Amino acid sequence: MFGLEALDLARMQFAFTVSFHIIFPAITIGLASYLAVLEGLWLKTGQEVYRDLYHFWSKIFAVNFGMGVVSGLVMAYQFGTNWSAFSDFAGSVTGPLLTYEVLTAFFLEAGFLGVMLFGWNRVGPNLHFFATVMVAIGTIISTFWILASNSWMQTPQGHEIIDGRVVPVDWLAVIFNPSFPYRLLHMATAAFLATAFFVGASAAWHLLRGRDNPAIRKMLSMAMWMALLVAPVQAFIGDLHGLNTLKHQPVKIAAMEGHWDNSSGEATPLILFGWPDMEREETRFKVEVPYLGSLILTHSLDKQVPALKEFPKEDRPNSTVVFWSFRIMVALGLLMILAGVWSLWLRWRGGLFGSRPFLYLCLWMGPSGLIAILAGWFTTEMGRQPWVVYGLMRTADAVSNQSVTQMSLTLVTFVVVYFLLFGAGLGYMMRLVRKGPVTDEGKEQGIGGPGQHRTPARPLSATEEGMDDDDTAAIEGRN
């Protein structure tokens, strides 16, 4: 297929399925915590705006959660069908870690998800809030185990190689490997930011169309507070993660920076833009800032950053891809910080909800968090190449003995099915977003909403569940 080998097609297939899958868990992680916050604020204040927002976003959460589960199952099967050599070599580590994820996180989420989606009029408010919190905690636990497994592949420790297979000898070292804390914080924070800009974009869309009500304003306000507070924190975590990567995977940093040669003895410049040429072993058309690379990565003005020519050609990742995916991630992160600061200025001026340029920025930034996650994931995974387990097993040695024809057919099938299935799911989810939250005013006009007769019975019938006046009175009585 287009001159590609079975290994190339297997990598493309896994990259394609991961790219689709990672979108859904990222939104699930952020929305689960967002829903817990909304319900907690409703219980504390009794303000119906939080209840209305909870019901609105719980519909979207239900659709997103379902698509995340389905897309994740496919990836698990690929370890056996396409990467059996890897499973045979490292399955004693990755297998138990993924099993722990199912036993601790997935069962927790699945157990309380039913109460969360269907229990509004069947359990007490406090028990329902507890269920929502448990689902949110479950998403974080799931992230913990998935990142532990993937981080071990990046910086493997706590094992021995016996008879050509990995044998874990220290599970704490396996789980808490050197890159794990940074990658866990970076990914979890990215999920919160992606969700914040998704929520903010939906609010901006409604405001730009003249739909201005307390629920829409609350959505935008909460999203921008998250951006203002968390985006700078994410930049700080990213800096720590970069320093950790420099220590344990220096060739990845060299590829990210497009830095080839240290023979000059000078401090490393920061290349803002350019085109790393793997054949010519140079970055062409580069625009650079002297000393800044050393300052950022070594926190000094005289130390050098490792260069690609210091490593054998067969051990170098594709700098062209890694260089640009990293810059896309960083550029979007800077735009997130800008959006947060701009929102603070507008909030101080009293124009947060009326500035059309700012609302358009929020609208355009809607997918920015997800794009940044994908760009960061490409940087991490392609920067690890040619290793599937860094320093222990090469990707070429991990693939199953599949033919080019088999891999081509399955790849085409995945592309067609994924775009049809998940395209329809995403389209339905965006239809829900466009409808917006239904407030008490809307209910009085017969628009429908949680618990109303004109509410659609999807997704998963969860949208039929509402909170009646008795529930509200009970909450107000406790406050």
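Val 102 lies in helix H3, which covers residues 84-118. The model is a predicted one. With a relative accessible area of 34%, Val 102 is partly exposed, because a residue counts as buried only under 20% and as exposed over 50%. Together with Tyr 100, Leu 103, Phe 106 and Phe 107, Val 102 makes a nonpolar surface patch of about 430 Å².

Nonpolar side chains in soluble globular proteins tend to be buried together. The largest nonpolar core of this model has 104 residues. Within this core, Tyr 34, Trp 57, Ile 60, Phe 61 and Met 219 touch the most other members. Helix H1, residues 6-45, gives the most to the core, with 20 residues. Ile 60 is in contact with Leu 31, Phe 198, Met 429, Leu 432 and Val 433, when neighbours within four places in sequence are left aside. Another core, of 17 residues, lies apart from this one, and its members include Leu 297, Val 322, Ala 375 and Trp 387.

A polar residue can be followed in the same way. Gln 234 is found in helix H7, residues 214-248. The relative accessibility of Gln 234 is 10%, so Gln 234 counts as buried. Residues up to four places away in sequence aside, Gln 234 touches Leu 185, His 186, Thr 189, Ala 190 and Leu 193.

The strands come next. Strand S1 (residues 159-162) pairs with strand S2 (residues 165-168) in the antiparallel sense, over 4 bridges. In this pair, His 159 stands opposite Pro 168 of S2. S1 and S2 form a hairpin with 2 residues between them, and Asp 163 in the turn has a positive phi of about 55°.

Strand S3 (residues 270-277) and strand S4 (residues 282-289) are also paired in the antiparallel sense, over 6 bridges. Here Phe 273 stands opposite Val 287 of S4. The hairpin formed by S3 and S4 has 4 residues between the strands, and Glu 281 in its turn has a positive phi of about 55°. In a regular strand, side chains alternate between the two faces of the sheet.

The structure holds 12 salt bridges. The table lists some of them.

| Acidic residue | Basic residue | Closest N to O distance |
|---|---|---|
| Asp 88 | Arg 165 | 2.9 Å |
| Asp 277 | Arg 284 | 3.6 Å |
| Glu 282 | Arg 280 | 2.9 Å |

Which parts of the chain does the pair of Arg 165 and Asp 88 tie together? Arg 165 lies in strand S2 and Asp 88 in helix H3, so this salt bridge ties together parts that are 77 residues apart in sequence. Arg 165 is partly exposed, at 40% relative accessibility, and Asp 88 is partly exposed as well, at 43%.

Are Asp 277 and Arg 284 buried or partly exposed? Asp 277 has a relative accessible area of 14% and is buried, whereas Arg 284, with 28%, is partly exposed. In the remaining pair of the table, Glu 282 is partly exposed, with a relative accessible area of 31%. Its partner Arg 280 counts as partly exposed at 49% relative accessibility. Elsewhere, salt bridges that share partners join Glu 48, Arg 51 and Asp 52 into one network.

Conventions:
Residues numbered from 1 in each chain as written. Predicted model: local features only at pLDDT ≥ 70, side-chain atom pairs only at ≥ 80, totals over all residues. Heavy atoms only, no water. Patch = residues over 30% accessible without salt bridge, like charges linked within 9 Å, V, L, I, M, F, W, Y side chains within 5 Å. Areas by Shrake-Rupley, 256 points an atom, 1.4 Å probe, with all protein chains shown as cover. Salt bridge = Lys/Arg side-chain N within 4 Å of Asp/Glu carboxyl O. Buried < 20%, exposed > 50% of the residue type's maximum accessible area, 1.4 Å probe, protein only. Pairing = 2+ DSSP bridges. Core = buried A, V, L, I, M, F, W, Y, C linked by side-chain atoms within 4.5 Å. Contact = heavy atoms within 4.5 Å.
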